[in-house]
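Q: I have a structure open beside its sequence and would like to learn how to read its features one at a time. Could you take me through it?

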Amino acid sequence: MRTKRLQAALAAVVVGAMFTMAGCSGGGSGNTGASGSSSAASAPSSAPAETSGAPAGGKVLNIGINADPPSLDPYASSALVDRYVQNSIFDKLFDLDKDGKIVPMLAESYEISPDGKTYTLKLKQGVKFQDGTDFNADAVKFNLDRYEEDNSRRKNELKFVDSVTAVDANTVKIQLSQPFSPFLSILTDRAGMMASPSAVKKYGDDFVNHPVGTGPYAFVEHVSGDHVTLKKNDAYWNGAPKLDEINYKVFTDGPAMVQNLRSGQIDIASDLNGAIKLIPSIKDDTANFTIISESGMGFQGIHLNVTKGPFTNKYLREAVDRAIDRDAFVKVLFDGYASPGNSPFSPGSLAYGDSDKYAKPDPDAIKALLAKGGKPNGFSFKFQVGTGTAAQQFGAVLQNMLKPYNITVELEQVEFGQMLENGTNGNFEALQIGWSGRPDPDQNFYDFVVTKGSQNYSHYANPEVDKLATEARQEQDPTKRKAYYNKAMDILHDDVEYSYIYHQNNIFGFSKKVTGFTYVPDGIIRTAGLDKQ
């Protein structure tokens with residue numbers, strides 16, 4: 001009965017917020033906080049202007065994206081939305097298939113030495129960049145060396161690369177300083193994207209405005225805050241694409257993206273997490289639209305600062321964590337378009353399993369934890385959330401969940417970039433930042449939990465967790481790796497430096513005119529096989 005009353009109250013909060021959202025023009029991103037990267041961008045319009053340049057009678061596909069891509073150069077990119085566009089321009093050495101398995105892309109085959117430190121790649125032959133220059137071993141060495149430069153956003157991902165050698169035109173040898181199991185997974189993302197060395201040398205820092213890869217579509221223009229236009233790469237090594245042009249149109253307002261899908265202004269809505277309540281209006285129109293909703297690779301939750309405020313007290317962290325009703329969270333905020341969880345490992349990860357289980361709130365246990373923490377009558381804390389409607393809803397739901405236990409949540413709305421800075425500096429008590437996820441469990445774990453990790457915003461430090469996280473990334477046997485993660489999660493669940501709450505779904509809306517789509521678990525649309533009737 002208590003759960004039903006709580007859900008009704010939370011639903012009222014969200015419905016009220018939805019009316020507020022619908023009454024606003026523009027608005028923030030629909031993301032509920034961070035998503036593997038900042039989606040912070042300058043304030044683009046919610047109604048992009050029509051682009052020009054499509055060939056007469058050509059097939060043009062319009063894809064709605066939820067933020068303006070800050071950088072189309074993989075070297076400098078840190079935003080999830082960049083990857084939506086980059087995957088059409090740049091091929092990678094490896095990719096993910098429909099099951100999330102790592103498969104060669106520009107690599108033809110590969111070998112890993114028994115000690116796990118030497119990777120030898122055989123490259124596909126006859127591949128050319130969109131500027132007509134050859135893709136070969138020298139190009140791979142150029143790109144990996146460039147990504148290791150001090151100013152590169154990829155430097156940390158490739159920090160174990162000792163050397164890259166072009167053995168011959170089609171063979172590359174990569175020497176690591178230590179075994180590093182996530183390495184191939186890393187090459188399925190931006191660190192594996194191959195840019196034209198000729199174009200990089202020609203444009204220098206302005207390459208971001210002239211990106212050239214070997215992908216199925218070539219860059220045409222980027223009108224900041226409005227759209228990115230790409231054209232067909234007729235010489236694509238895997239066969240010419242069926243579409244003549246793709247426009248990525250920016251909608252920072254989720255309902256506006258839905259409206260434009262329904263009106264035919266866009267053919268694909270790439271992320272409907274910002275318009276969950278409007279999904280039924282598309283889903284019910286089965287003659288014209290298709291909704292695809294699949295579990296993503298990431299996690300969402302709350303950083304609890306173990307060095308500042310009430311959460312230096314472990315028992316109070318536990319009390320908050322135990323009071324969160326994860327099932328209700330997902331039901332109220334996402335109408336079931338997400339999965340409740342209790343770990344950074346979503347379904348499909350090799351580390352997924354018992355560590356993701358959770359318990360329903362137990363009032364007696366919560367009261368006992370408050371008493372152990374010296375706050376039997378409750379306490380209050382400041383909770384930083386983003387400025388978007390979805391983030392505010394997240395905060396409102398948490399407030400209502402903790403209120404029955406006399407735990408008062410004081411919401412502080414903070415611009416996303418400032419939230420990241422506050423996380424780094426420890427200038428918060430609780431902070432809502434999640435992660436869009438990556439294929440290898442290390443990429444969702446190591447930097448978030450090890451002492452002084454780059455995304456360890458909770459400022460947590462535990463030598464045993466550091467040891468287990470290091471052993472897990474060096475171990476090559478998947479079963480042994482999962483055992484390391486299980487041991488580490490047992491410790492983290494006890495210490496509660498982060499409250500894992502749910503795994504967000506990848507939710508797409510498609511016009512029935514679109515064909516050739518294959519879902520890939522990283523949530524990025526591969527455009528090479530798309531067509532439009």
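A: The turns below go through cores, a pocket, helices, buried side chains and backbone angles, and the model they are read from is a predicted one.

Q: Which residues touch the most other members of the largest nonpolar core?

A: A nonpolar core is a set of buried residues of the nonpolar kind, joined through side-chain atoms within 4.5 Å. Here the largest such core has 65 residues, and those touching the most other members are L93, F135, I174 and F183. Taking F135 as the example, and leaving aside residues up to four places away in sequence, its contacts are L93, L106, L123, K124, V127, K128, F129, V140, M194 and T214. There is also a second, separate core, which has 51 residues and includes A319, V320, F379 and I407.

Q: How should I read a pocket, and which residues lie nearest the centre of the second largest pocket?

A: Rolling a probe the size of a water molecule over the atoms shows where empty space is left. In this model the second largest pocket holds about 620 Å³ of space. Its lining is made up of 34 residues, and I102, L350, P439, D440 and P441 are the ones that lie nearest its centre.

Q: Which helices and strands supply at least two residues each to that lining, and how many of its residues are nonpolar, polar or charged?

A: At least two lining residues come from each of strand 4 (107-112), helix 4 (183-186), helix 14 (463-474) and helix 15 (478-495). Sorted by class, the lining of this second largest pocket consists of 14 nonpolar, 12 polar and 8 charged residues.

Q: When I turn to a helix, how do I judge whether it is covered, and which residues of helix 6 are buried?

A: An α-helix has 3.6 residues a turn, so residues three or four places apart point the same way. Helix 6 (residues 254-263) is mostly covered, with 7 of its 10 residues buried, and these are G254, P255, A256, M257, V258, N260 and L261. Its ends are also worth inspecting: D253 caps the N-terminal end, with a side-chain oxygen 3.0 Å from the backbone nitrogen of A256, and the helix is followed by G264, which has a positive phi near 90 degrees.

Q: What does helix 8 show when I read it in that way?

A: Helix 8 (residues 314-323) is mostly covered, as 7 of its 10 residues are buried, namely L316, R317, E318, A319, V320, D321 and A323. Two of these, A319 and V320, are included in the second core. At the start of helix 8, a side-chain oxygen of N313 comes to within 2.9 Å of the backbone nitrogen of Y315.

Q: Is the arginine R326 buried or exposed, and which partners does its side chain reach?

A: A residue counts as buried when its relative accessible area is under 20%. R326, in helix 9 (residues 326-334), has a relative accessible area of 3% and is therefore buried. Its side chain reaches the backbone oxygen of G341 at 3.1 Å, and a polar contact of 3.4 Å joins it to the side chain of N342. Beyond four places in sequence, R326 touches D321, P340, G341, N342, Y358, Y500 and I501.

Q: Where is R438 found, and why does it count as buried?

A: R438 is in the loop between strand 17 (430-431) and helix 13 (446-449), and it counts as buried because its relative accessibility is 7%. The side chain of R438 makes a polar contact of 3.2 Å with the side chain of S436.

Q: What should I make of a positive phi, and where is D335 found?

A: Most residues other than glycine have a negative phi, and most peptide bonds are trans. D335 has a positive phi near 50 degrees without being a glycine, and it is found in the loop between helix 9 and strand 14 (338-340). At 40% relative accessibility, D335 counts as partly exposed. H459 also has a positive phi, of about 60 degrees, although it is not a glycine; H459 lies in the loop between helix 13 and helix 14 and is partly exposed at 28% relative accessibility.

Q: How far apart are I246 and K59 in sequence and in space?

A: I246 and K59 are 187 residues apart in sequence, and their C-alpha atoms are 8.6 Å apart in space. I246 lies in strand 10 (residues 245-250) and is buried, with a relative accessible area of 0%. Setting aside residues up to four places away in sequence, I246 touches L61, I63, Y217, V228, T229, L230 and T527.

Terms used
Residues numbered from 1 in each chain as written. Predicted model: local features only at pLDDT ≥ 70, side-chain atom pairs only at ≥ 80, totals over all residues. Heavy atoms only, no water. Buried < 20%, exposed > 50% of the residue type's maximum accessible area, 1.4 Å probe, protein only. Contact = heavy atoms within 4.5 Å. 1 Å grid on protein atoms, 1.4 Å probe; cavity = no way out; pocket = protein on both sides within 12 Å on 5 of 7 lines; lining within 4 Å. Points joined across faces, edges and corners; volume = space filled by probe spheres on them. Helix = DSSP H or I, 4+ residues; strand = E, 2+ residues; numbered from the N terminus. Nonpolar A, V, L, I, M, F, W, Y, C, P; charged D, E, K, R; others polar. Polar contact = N/O pair within 3.5 Å; in protein donor to acceptor, adjacent residues only side chain to side chain.
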